[in-house]
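User: Can we go through the aromatic contacts in this one? Keep it quick.
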Amino acid sequence: MAQADAGTEDLTRDASGQMVTADGVPLKQSLKRAERRRKLVAFGLVTPLLLFLLVVFIFPIGQMMWRSVDNPQVVNALPLTLEALEDWDGQGLPDEEVYAALASDFRTDMERARRDQFSGPLGVRLNYELSGARGAVARTVRNVPDFEAPYKEAFLDSHRLWGDVALWKVIEREGRPLTTAYYVAAMDREFDADGNIVMRDENRQIYINLYMRTLALSVAITVLTILLGFPIAYYMSILPMRYSNLLMIFVLLPFWTSLLVRTTAWIVLLQQQGVINESLVALGIIGDDGRFSLMYNMWGTIIAMTHILLPFMVLPLYSVMRTIPPSYVRAAKSLGATPFTAFRKVYLPQTLPGIGAGAVLVFIISIGYYITPALVGGQSGRMISNEIARHMQQSLNWGLAAALGTILLIGVLVLYWVYNRLVGAQNLKLG
Amino acid sequence: MLKTADGVTEAGHVCFDNVQKSYDGETLVVKNLNLDIARGEFLTMLGPSGSGKTTCLMMLAGFESATFGEIRLDGQRIDNVAPHKRGIGMVFQNYALFPHMTVAENLAFPLRVRKMGQADVEKRVQRALDMVELSEFGSRMPAQLSGGQQQRVAVARALVFEPQLVLMDEPLGALDKNLREQMQYEIKHIHEQLGVTVVYVTHDQTEALTMSNRIAVFNDGKVQQLASPPDLYERPENAFVAAFIGENNKLMGKVEAIDGDTCKVVLDNGDKVTALKVNVDAVGDRTTLSLRPERVVIAPEGSADLDNVFEAEVRELIYLGDHIRTRVKVCGNDEFIVKVPNSSHSPDLARGAKVRIGWITQDCRALDA
């Protein structure tokens, strides 16, 4: 008996006590070899998508975040000037030496081919910090070939801003390859004369209000989709399959309709002379001068986006509710719970994964939504994404657009993290 | 029509009075049900699926409404009372333990909705857990329990608020065979300890025979027979019950003569059999003779104390340890089963052998066609 035991010991363990297979290879190594093929297959299956995401998602987002701090314009255009400025004490105008370096920098730039010149971007960049700076750079660059010493007077004659300490402070501050200026601007703040970050004037504060409004609108839309989506999802979940499929088609109809068609429909419905207002006036519910403005304001954004995003709430809710057998509520009732208690204590908690998934979807989609607010939002229905788009397309201040976008991205990630702490991402059920 | 089993004296705890139920307005799934269930009784509704047994249970629980008729609990009409006010415990087929609550919270649920004090709740929950031998499992989630443990919790939850009546809807359907048998005994013992009335629905006849005081056999929306397990097995009143409960040999024929308790039947192949008159009215009626396989004996040559003896041919032998299941052809029926006990004085049989088989009149019941 003891001998037989020893025999099996020899087969399954080597001298150091490790488990081995019949041919003496350590069990772990043998297992790893067997698993390797499976891992390769798994890797092969995800690689195409991974590469695709890398190229079209992760890389562009990295680019965007980089752009929000990237600051090459001053460094590229004015290398000698920045060197000369190192000795400047920041009090009063710089010395003649600095102006001479500036002239030299501008001349070097003029010798470059036109589309490689740095002075254009420099003017734009400085103008973000100090309005009028672009004109100063443009005019002076044209005149600089005729400048003669003393350069200081020549510059001051060319444009009055060269005699403004503020401009020199901007050049010194932004004469570094990385900047926080875009984030400072995106948070409605600016640098004061001493270089401290302070709030902007009340009437020039835009973005924080816009973030707050975006947040508030997104929360409102999320709450509305829950309130509207929960009953219909519940109803669909208790219907026989063929009826619930029919209802599902109606729920999905918004998905299948062109956004412009829907927008036209909303305009017909919601405008001051639209169907809703005309009907209310005709019925005598409101007076002719008491028409609701349902469009080109916050209400337009809320109504339209709730409509668009409703399916994102209904689908996860429905898929969760379908899996809740009616016997749970029946059990609760048989145990003495009123229908309301049975709903609140037994049914509702089980739908939380669906509510959570729907809320996260709707909230995250709506916080970055762009097209609907742009079409029906008017001024008070604008969201942060519209401002980002404006900086991308009209003001061409990509650095600020990138900073605004990065703040939005971080905000969403923080909210998701909070959500995960409160609810747990593993409790999401997306379908 | 209704019989009360021995030992159950107090009748009318639960009463179905002419209850009918239709879902579509065209067909009745429950046809004129009259049923009295005594206090403390364990009554099983047994029948194939679609026979109306579950519908009856759901009407009693309040999840379905009766189309016609009255359901009374202790003499009070309950068919118009909302389910949560009936105070009837219920165990569901899939247990229906609330998955987001611990076992203890599940058990506390019926007590908390009754606004019971915290100390009382804890005491009762612990007592309920002890009863089903899960004292240490109060803080587990239902998903962390095995099927049998979940079932015990479901039973405990249906009993923890001390209802007078507990309904069980195929509660053991999802368990494997061994566990199911064990749970059958446990539920039976709990019933005996607490003395609550249990109405139990199942399609498993063994389960019904094991656990019940009385069994109501359902088919086609009607109670076919209501009787204690031995009565049901040994004295089926119609062909459906005879076929549904246990194994049964059927011989079809026509009544030739009636003589008091017995009757003479001419089988379709011309053989004549004397049978017990159970469910035939007149000479000339078609009848089904019902005969349990274990009541048929392989008769040695010349033995004459059996009322009916026929020549049979052995078609198939299946060795089952304690008995040999023997399929023979007799009286024109080649699906006739005889259980031959595996004992030293049983004859040796071979396929194709000719044997004489026989049975006494009392074991052969003439039922409806």
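Analyst: Terms up front: buried means under 20% relative accessible area, exposed over 50%, partly exposed in between (1.4 Å probe, protein chains only). This is a predicted model: local features need pLDDT of at least 70, side-chain atom pairs pLDDT 80 or more, while totals for chains, interfaces and linings use all residues. Residues count from 1 along each chain as written, chains are lettered from A and ligands numbered from 1 in written order, and side-chain values use heavy atoms, without hydrogens and water.
User: Are A:Phe106 and A:Phe155 buried or exposed?
Analyst: Both A:Phe106 and A:Phe155 are buried.
User: How many aromatic pairs over all chains?
Analyst: Phe, Tyr and Trp rings (six-membered ring for Trp) pair with centres within 6.5 Å; planes under 30 degrees apart are stacked, over 60 edge-to-face, the rest tilted. That gives 17 over all chains.
User: Why is the A:Phe106 and A:Phe155 pair tilted?
Analyst: Because the planes are at 45°, with centres 6.3 Å apart.
User: Where do they sit?
Analyst: A:Phe106 is in helix α5 (residues 96-111) of chain A, and A:Phe155 is in helix α8 (residues 151-158), 49 residues apart. Helices (H or I, at least four residues) and strands (E, at least two) are DSSP runs numbered from the N terminus.
User: Which rings join them in a cluster?
Analyst: Ring pairs bring in A:Tyr99, A:Phe147, A:Trp162 and A:Trp168.
User: New topic: which charge sits over the ring of B:Phe98?
Analyst: B:Arg157, 4.5 Å from the ring centre. The rule: NZ of Lys or CZ of Arg within 6 Å of the centre and within 35 degrees of the ring normal.
User: And what lies over the face of B:Tyr233?
Analyst: B:Arg292, at 4.1 Å from the ring centre.
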